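This report describes selected features of one chain, beginning with a helix and ending with the backbone of several loops. The sequence and the structure are shown first.

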Amino acid sequence: MEPSGVSVTGPAAVIVLAAGEGTRMKSSTPKVLHEVCGRTMLGHALAAARELAPRQLAVVVGEADGPVARYLADYWPDARAIVQGPRRGTGHAVRVAVEALGAPAGTVVVTYGDTPLLRGQTLRDLVGQQEATGAAVTALVARATDPTGYGRIVRDAGGNFAAIVEQADATPAQAAITEINSGMYAFDGVALAAVLKRLTTGNAKGEEYLTEALTILRDDGLDVGTVWCADFDEILGVNDQAQLARARRVLNDRLLGSWMGTGVTILDPASTWVDVGVVLEPGAQIGPATQLQGGTTVGAGARVGPGCLVRDSVIAAEATVIQSVCERAVVGPGATVGPYAHLTAGARVEAAPAEAEPDA
């Protein structure tokens, strides 16, 4: 069933911005290719975008033959890589993408490749509001305990959207505002294509800010709407290793909570880690200090842990794995592994046959 307010065919396009250099990560791996619970940050952003069933899915990258473009070709062939070239701000990135896509008519959604906690439902709510109101643009906003680094939402006396002011350009009064801009929008495609040609560079960084597009549209007398994101973690942008670690913890807690809701026992959530591709059946029990990675499945009544690393393996119903490593292995129904076992690729362990009853 399609979500209320969203067209059956989905938005005209989703544009994911992923050309940032991510120098604060201090890593040779591009920022958006760092993994969070078994999937790259860009992969999470694309998974959320794909839930909208857009007619076009595009990712703005910095290099035509760089690692991000190659990742898309290998794992997300339905996503078109569009090269920004000189990186002149978010407005410039979106303008390059819109020109490449042919100024699509309909709703155009803009998201980021470094927001791995964003839910598809939140994007559906954003698109639903945009299409229900017919605004020129709808922005996803949130309330921040510490708004440092985020663009502030400035409203007029009537509470209507007035502008987005970036941190570097904010006055002390504006910097004190806690309503922040997530950077994610649903635009009317025709309005977006027109306003992108009017962006200026008169700001502290000398870049084309996409946020200016909203101010221009408002000054033209067009409707600019907002939608609240209740869970601030969803719009958390990851810019350094500490923020990456926080994102892993938040998503891991979310995944564990979901599995526990289906009847899985997690004895110590604080020391248990699962990837997004892991499948746990109701009645499974996961012990402390256990990592379940890749496409691992754990059957009903199985016990894994404490102290296990299980990667791309099948742990069948009623099996037991204790203080062991399993890599691309199969532990059959009722079988026992460990402690201190290491199952390598292709290994298969079956339950020991029952002992025959002694003769009378």
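The model is predicted. In helix α4, the buried residues are G120, T122, L123, R124, L126, V127, G128 and Q130. Their cover comes from several elements, including the helix α1 (41-50). Also among the covering elements are β6 (107-112), β7 (137-143), β10 (179-188) and β11 (224-228).

The length of α4 can be checked against its residue count. The helix covers residues 120-133, which is 14 residues. At 1.5 Å a residue the expected span is 20 Å, and the end C-alpha atoms are 20 Å apart, so the two values agree. After α4 comes G134, which has a positive phi near 70°.

**The nonpolar core**

Which residues have the most contacts inside the largest nonpolar core? They are L42 and F187, in a core of 109 residues. With neighbours within four places in sequence left aside, L42 is in contact with V16, A18, V32 and V59. The same list for L42 also includes V68, Y71, L72 and G113.

**The parallel sheet**

An open sheet is formed by five strands, in the order β13-β16-β19-β22-β25, with parallel pairing. β13 and β25 stand at the edges with a single partner strand each, so one side of each has no neighbour in the sheet. In general, the strands of a sheet pair through backbone hydrogen bonds, in either a parallel or an antiparallel sense.

Three of the pairings can be followed strand by strand. β13 (residues 272-274) pairs with β16 (residues 290-293) in the parallel sense over three bridges. In this pairing V274 stands opposite L292 of β16. β16 is in turn joined by three bridges to β19 (residues 309-311), and these two strands run parallel. Here Q291 stands opposite L309 of β19. β19 then pairs with β22, again in the parallel sense and over three bridges. R311 stands opposite E327, which lies in β22.

**Backbone of the loops**

Two peptide bonds that precede a proline are cis. One joins G305 to P306, and the other joins G338 and P339. P306 is found in the loop between β18 (303-304) and β19, and P339 in the loop between β24 (336-337) and β25 (342-343).

Two residues other than glycine have a positive phi: A53 and Q323. A53 is placed in the loop between α1 and β4 (56-61), whereas Q323 is in the loop between β21 (320-321) and β22 (325-327). Are these residues buried, exposed or partly exposed? A53 has a relative accessibility of 42% and therefore counts as partly exposed. Q323, at 35% relative accessibility, also counts as partly exposed. Both values fall between the cut-offs, since buried means under 20% and exposed means over 50%.

The backbone angles of these loop sites are listed below.

| Site | Angle |
|---|---|
| G305 to P306 | omega near 10° |
| G338 to P339 | omega about 5° |
| A53 | phi near 55° |
| Q323 | phi about 45° |

Note on methods
Residues numbered from 1 in each chain as written. Predicted model: local features only at pLDDT ≥ 70, side-chain atom pairs only at ≥ 80, totals over all residues. Heavy atoms only, no water. Helix = DSSP H or I, 4+ residues; strand = E, 2+ residues; numbered from the N terminus. Expected span 1.5 Å × (residues − 1). Buried < 20%, exposed > 50% of the residue type's maximum accessible area, 1.4 Å probe, protein only. Contact = heavy atoms within 4.5 Å. Pairing = 2+ DSSP bridges. Core = buried A, V, L, I, M, F, W, Y, C linked by side-chain atoms within 4.5 Å.
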